[in-house]
Amino acid sequence: MVDVAEKEMDNLTFKSDTVLSDVHLHCPNKRHLMVRLNAAGQPVFLSHFKLLWNAYNWASEKNAREATTEKEQQYKSRGQLCDKDRNNPKNEKELNIKGLEVLLDEDGDLEVVRRPQDASDSEEEDLLRDRVCPVILIKGEDDAFEDEEQEHTCNDVIKIEHTMATPLEDVGKQVWRGAFLLADYILSKWDTFRCCTVLELGGGTGITSIIMGTVAKRVYCTDVGEDLLAMCERNVALNKHLIEQGSNEIKVKELDWMRDDFCSDPAAPYRWSEAEIADLHDHCTVIMAADVFYDDDLTDALFRTLYRITHNLKNSCTVYLSIEKRLNFTLRHMDVTCEAYNHFRNTLNDLENLQDGKMKYIVEPIKLDFCQFLIYERTEQL
């Protein structure tokens with residue numbers, strides 16, 4: 001929660017009940033101009049999120065291997081270390097090139113990347129790259145990003161419309177670090193998700209589904225609220241350049257965790273057809289959700305939905321959950337606590353210990369030692 005008041009017109013003004021994702025504050029010295037107002041009267045912004053490399057050809061095993069090799073080389077050239085490189089002295093020496101110095105701590109982890117004073121301006125600009133922050137358009141200026149698009153090939157930029165700050169009930173319209181973390185995992189383990197049918201619960205702006213759509217055969221990106229789903233659908237359309245034509249697809253659908261069935265109302269714009277419900281039940285092998293565990297009632301509803309859907313799946317399924325532990329001081333405890341995360345963990349344990357003759361749930365943590373493809377702060381709380 002934030003309580004910020006600014007007098008200057010160029011600065012945003014937030015009320016005391018405003019929820020703000022700090023992803024948008026990662027580089028606050030950029031200009032902030034509004035694209036439009038959404039149906040709820042909230043200002044909508046357009047951000048370009050740059051990937052750390054440009055290699056997205058999933059057409060064949062050969063191309064995939066070449067893409068992976070190119071990614072690793074570009075990753076190393078930018079002073080980043082993947083797991084397999086961290087304990088390899090030879091790779092450490094190779095990384096000390098082009099004016100870069102790699103500093104490792106006692107465990108061999110990357111600690112800092114810095115540029116010598118005599119590095120050229122072009123090298124400095126390349127090292128800084130684009131930060132994860134909003135680059136905002138004025139309404140009607142569709143070509144405002146023309147210069148930036150000339151600098152980047154279309155395969156290394158994700159375009160996302162979002163709001164900057166919202167009430168708690170509209171947090172899905174913002175971009176959160178948990179979505180970036182899950183996107184990183186998808187890109188680092190892309191071969192795991194190739195040709196899969198995937199369901200995302202609480203897709204929000206759709207950024208994780210868009211990343212998944214670069215590798216999976218079909219992604220059902222779901223949330224609730226016509227305004228939010230319209231924003232998500234627009235983001236999918238903005239990023240068609242990342243998805244193979246005629247092969248992969250992302251479908252934006254309504255899925256209300258408070259209901260016990262899929263929305264099939266003919267009047268609903270994001271309804272499910274009978275064929276889509278059957279396709280989900282027959283082919284879905286991956287379910288994912290990112291940063292949706294902030295309210296106890298919604299957490300309970302999500303797990304009920306998860307239980308209901310997995311019971312109807314024809315195949316075994318892997319569920320990927322990403323969450324950021326948010327610490328808050330509460331008067332009830334007179335201490336800093338993480339109640340939403342604790343409730344999530346307790347509910348997850350209940351699911352794992354569930355005695356069900358048909359289903360068995362196994363919970364396994366994932367180590368956060370995979371490569372980082374998007375630029376954001378990967379905190380200890382993720």
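In what order do the strands of the open sheet of 5 strands stand, and is their pairing parallel or antiparallel?

## The sheet of 5 strands

In this predicted model, the open sheet of 5 strands follows the order β10-β9-β8-β11-β12, and its pairing is parallel. At the edges stand β10, covering 249-254, and β12, covering 318-322, each of which pairs on one side only. From one strand to the next, the twist averages 20°.

A closer look at one pair shows how such strands are joined. Strand β9, made of residues 218-223, pairs with β10 in the parallel sense over 6 bridges, and Asp223 has Glu254 in β10 as its bridge partner.

## Helices on this sheet

Helix α6, which spans residues 177-188, packs on the sheet and touches β11 (284-290) as well as β12, and its direction makes about 145° with that of β11. Helix α11 lies across β8 (197-200), β11 and β12, and runs at about 175° to β11.

## The pair α11 and α12

Two packed helices are described by the angle between their axes and by the distance between those axes. Helix α11 (residues 296-311) and helix α12 (residues 339-352) pack at an angle of about 25°, while their axes are 10 Å apart. Because angles under 35 degrees count as roughly parallel, α11 and α12 are described as roughly parallel to each other. The crossing in which α11 passes α12 is right-handed.

Which residues bring the two helices together? On the side of α11 they are Asp296, Thr299, Asp300, Phe303, Leu306 and Tyr307, and these meet Glu339, Ala340, His343, Phe344, Thr347, Leu348 and Leu351 in α12. Sorted by class, this contact of α11 with α12 has 7 nonpolar, 3 polar and 3 charged residues.

## The sheet of 3 strands

The model also holds an open sheet of 3 strands, in the order β2-β3-β6, where the pairing is antiparallel. Why is one side of β2 and of β6 left without a neighbour in the sheet? Both β2 (36-37) and β6 (157-163) stand at the edges and each has a single partner strand, so one side of each has no neighbour there.

Strand β3, which covers residues 43-50, pairs with β2 in the antiparallel sense over 2 bridges, and the bridge partner of Leu37 in β3 is Pro43. Helix α9, formed by residues 226-238, lies across β2, β3 and β6, and its course runs at about 165° to β6.

Conventions. Residues are numbered from 1 along each chain as its sequence is written. This is a predicted model: local features need pLDDT of at least 70, side-chain atom pairs count only at pLDDT 80 or more; totals for chains, interfaces and linings use all residues. Side-chain values use heavy atoms; hydrogens and water are left out. Axes are lines fitted to C-alpha atoms, for helices over the stretch in contact, and angles run from 0 to 180 degrees between N-to-C directions. Helices (H or I, at least four residues) and strands (E, at least two) are DSSP runs, numbered from the N terminus. Angles under 35 degrees count as roughly parallel, over 145 as roughly antiparallel, 65 to 115 as roughly perpendicular and the rest as oblique. A crossing is left-handed if the near helix is turned anticlockwise from the far one by less than a right angle, and right-handed if clockwise. Contact means heavy atoms within 4.5 Å. Ala, Val, Leu, Ile, Met, Phe, Trp, Tyr, Cys and Pro count as nonpolar, Asp, Glu, Lys and Arg as charged, and the others, Gly among them, as polar. Two strands pair if DSSP finds at least two bridges between them.
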